[in-house]
Amino acid sequence: MITTRQAISSDDEAPTLEPVRSRMRITAERIGLQAIRAIVHDFYANVRRDPVLGPRFETIIQDWPAHEAKLTHFWWGALGGPVYARYRYRVVDTHQLIDVESHEIERWLALFTDCLRARLPASEADEWLGRAHAMGGSLTQAVGCR
C-alpha cells in the first residue's frame with residue numbers, strides 16, 4: 001500500500017508530497033545479502049570458538065561452507081528476501097534429532113545478539129533479533145527443551 005507524506009525540500013520551500021510505503025522496506029533489502037552472508041560467517045566463526053556451542057556443533061556440522069550458505073539463505077528469506085535457492089528447512093525436526101537443550105538456544109541467541117549488535121545499526125539489529133528470539137522461543141516450545 002502506498003501512502004504519501006509531506007517532505008520539506010532542502011531550501012525550506014513549501015512541502016511536497018512523496019510516496020511512502022505503509023511498512024518499512026523489507027529487512028533483507030535494507031541489510032543486503034552480502035551483509036547477511038558476512039554476519040552468518042562471523043557468527044558461526046564465534047560459535048566454533050564458543051566453549052558451550054563449539055563442541056556441540058563440531059559433532060554435527062561436517063561442511064561449514066555449506067551450512068553457512070544454507071543459513072544465509074534461511075535468514076535472507078526469514079527477513080523477507082526473495083528465495084534464490086531450493087533448500088528445505090525442517091527447523092523443528094532438525095533440532096529434535098540433535099536433542100537441543102534450552103541453555104544451548106539461549107547461548108546461541110546471546111552470541112547472535114552480540115554479532116548483530118557489532119555489525120548492524122541498532123534498528124536493523126533489533127528487527128533481526130526480534131525474529132531470532134521469536135524463533136528461539138517457538139523452537140524451545142516445539143522441541144520440548146529441558
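Let's begin with Phe43, which has a relative accessibility of 0% and therefore counts as buried. Keep in mind as you look around that this is a predicted model. Next to Phe43 in the sequence is Tyr44, and the two rings form an aromatic pair. Their centres are 4.8 Å apart and their planes meet at 70°, an edge-to-face arrangement. Tyr44 has a relative accessibility of 4%, and since the cut-off for buried is under 20%, Tyr44 counts as buried too.

A second pair of sequence neighbours, Phe74 and Trp75, is also edge-to-face, with 5.2 Å from centre to centre and 80° between the planes. Phe74 has 17% relative accessibility, so Phe74 is still counted as buried. Trp75, at 4%, is therefore counted as buried as well.

Now step back to see how these rings connect. The model has 11 aromatic pairs. Ring pairs join Phe43, Tyr44, Phe57, Trp64, Phe74, Trp75, Trp108, Phe112 and Trp128 into a cluster.

Several of these names return in the largest nonpolar core, a set of 31 residues. The members that touch the most others in this core are Ile36, Tyr44, Trp75, Trp108, Phe112 and Trp128. Which elements give two or more residues to this core? They are α1 (27–31), α2 (33–49), α3 (53–60), α4 (64–78), α6 (102–119) and α7 (122–143). The largest share, seven residues, is supplied by α6. As background, nonpolar side chains in soluble globular proteins tend to be buried together.

Trp128 is a good residue to centre your view on. Leaving aside residues up to four places away in sequence, Trp128 touches Ile31, Ile36, Ile39, Trp75, Leu79, Phe112, Leu116 and Leu120. Among these partners, Ile36, Trp75 and Phe112 are also listed with Trp128 as residues that touch the most other core members.

Finally, follow α6 to where it meets α3. How do the two helices pack? Their axes lie 11 Å apart at an angle of about 105°, so α3 and α6 are roughly perpendicular to each other. On the α3 side, the contact is made by Leu53, Arg56 and Phe57, while α6 brings Glu104, Arg107, Trp108 and Leu111. Sorted by class, the contact holds four nonpolar and three charged residues, with no polar ones. Two of the residues in this contact, Phe57 and Trp108, also belong to the aromatic cluster, which brings us back to the rings where the tour began.

Conventions. Residues are numbered from 1 along each chain as its sequence is written. Side-chain values use heavy atoms; hydrogens and water are left out. A nonpolar core is a set of buried Ala, Val, Leu, Ile, Met, Phe, Trp, Tyr and Cys residues joined through side-chain atoms within 4.5 Å. Buried means under 20% relative accessible area, exposed over 50%, partly exposed in between (1.4 Å probe, protein chains only). Helices (H or I, at least four residues) and strands (E, at least two) are DSSP runs, numbered from the N terminus. Contact means heavy atoms within 4.5 Å. Axes are lines fitted to C-alpha atoms, for helices over the stretch in contact, and angles run from 0 to 180 degrees between N-to-C directions. Angles under 35 degrees count as roughly parallel, over 145 as roughly antiparallel, 65 to 115 as roughly perpendicular and the rest as oblique. Ala, Val, Leu, Ile, Met, Phe, Trp, Tyr, Cys and Pro count as nonpolar, Asp, Glu, Lys and Arg as charged, and the others, Gly among them, as polar. Rings of Phe, Tyr and Trp (its six-membered ring) pair if their centres lie within 6.5 Å; planes under 30 degrees apart count as stacked, over 60 as edge-to-face and the rest as tilted.
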